[in-house]
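User: Could you walk me through how some of the labels for this protein were reached? I'd like to see the reasoning behind each one.

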Amino acid sequence: MKSLIILLLLGIFFYFGAVIYLYVTQENKIFNRKWAKPYEPKISKKICFKTSDGIKLEGAFTKNGENLPLVLYFSGNANNVIEFLDNIAPKIKGYNFIGFNYPGYAGSEGKPCEKCILKYALEIFDKYQPDILIGRSLGTAVATYVASKRQIKKLVLLTPFDSIVNIASQKYPFLPIRTLVKHKFEEYKWIKDLNIPVNILLVKNDDVIPEKNTQNLLSNIKNLQKVIYIDNITHGKIYEYPSIEKILKDLLDQ
């Protein structure tokens, strides 16, 4: 009986230890900003956006021509948005691009959180009035949220997911995830009522987004126009895929 009680107490200790660990470390897991290193653009023009509460967000504008459709880009959770705008966007002709780093990322002030990221994304949209939204990974949730609140012509999602909560629930099925996770990013809820064209890029055997979560998102899209799969590449290295610029232009043009 004594051994049973000890095992029970150990189980309780480890369970609550896991709960506390996940709760405390979730910020760094969801907002992996340590990899968003400072970056000075060589082609795109560095700009700044001041939010309604005085936070300065670092960003850039890539001009490929006069009077071209404007694409607002939202990056992944471990990226400096300016790298895409300086290295990839200039090779996608027919569009101009703009984007800003999330709070606390690279040269942006503040601290990242779901509420502030979504709020600032709407403010950025309202100022620049883009024609198309494009998001990568975590940025797909941000782009989808904005699309659910504003009028745009098209939504392009690169390696999207259904929600942080659903992914975490699969990884930690024994923990009360919905209660623990503060930044839920429930993309599937925002996308289900969209009537605009949605085009998607997916990685086969994605090493970050489980197939179940991808399919759950796809099942909630009303107007899914095109899905492109790429292979032999990881989630974090899609921009190293051969002819990725051509693929992205195809998704934007479709």
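**Reasoning behind the labels**

Analyst: Happy to! This is a predicted model, and a good place to start is Ser-108, which counts as buried at 7% relative accessibility.

User: Why is Ser-108 called buried?

Analyst: Buried means under 20% relative accessible area. Ser-108 has 7%, so it counts as buried. Its place is in the loop between strand E4 (96-100) and helix H3 (114-128).

User: What makes the approach of the Ser-108 side chain to the backbone nitrogen of Glu-58 a polar contact?

Analyst: The cut-off for a pair of N or O atoms is 3.5 Å, and the Ser-108 side chain reaches that nitrogen at 2.8 Å. Glu-58 is also one of the residues that Ser-108 touches, along with Lys-56, Leu-57, Asn-101, Tyr-102 and Pro-103, leaving aside residues up to four places away in sequence.

User: How do you know that the buried residues of H9 line one face of the helix?

Analyst: The buried residues of helix H9 (residues 244-253) are Ile-244, Glu-245, Ile-247, Leu-248, Leu-251 and Leu-252. Seen down the axis of H9, they fall within an arc of 160°, so they line one face. In an α-helix there are 3.6 residues a turn, so residues three or four places apart point the same way.

User: What lines the largest pocket, by class?

Analyst: Its lining has 18 nonpolar, 11 polar and seven charged residues. The space in this pocket is about 1,000 Å³. Of the 36 lining residues, Lys-29, Asn-77, Ser-137, Val-208 and His-235 are the closest to the centre. Helix H1 gives the most to the lining, with five residues.

Technical notes: Residues numbered from 1 in each chain as written. Predicted model: local features only at pLDDT ≥ 70, side-chain atom pairs only at ≥ 80, totals over all residues. Heavy atoms only, no water. 1 Å grid on protein atoms, 1.4 Å probe; cavity = no way out; pocket = protein on both sides within 12 Å on 5 of 7 lines; lining within 4 Å. Points joined across faces, edges and corners; volume = space filled by probe spheres on them. Helix = DSSP H or I, 4+ residues; strand = E, 2+ residues; numbered from the N terminus. Nonpolar A, V, L, I, M, F, W, Y, C, P; charged D, E, K, R; others polar. Buried < 20%, exposed > 50% of the residue type's maximum accessible area, 1.4 Å probe, protein only. Arc of directions from axis to C-beta. Polar contact = N/O pair within 3.5 Å; in protein donor to acceptor, adjacent residues only side chain to side chain. Contact = heavy atoms within 4.5 Å.
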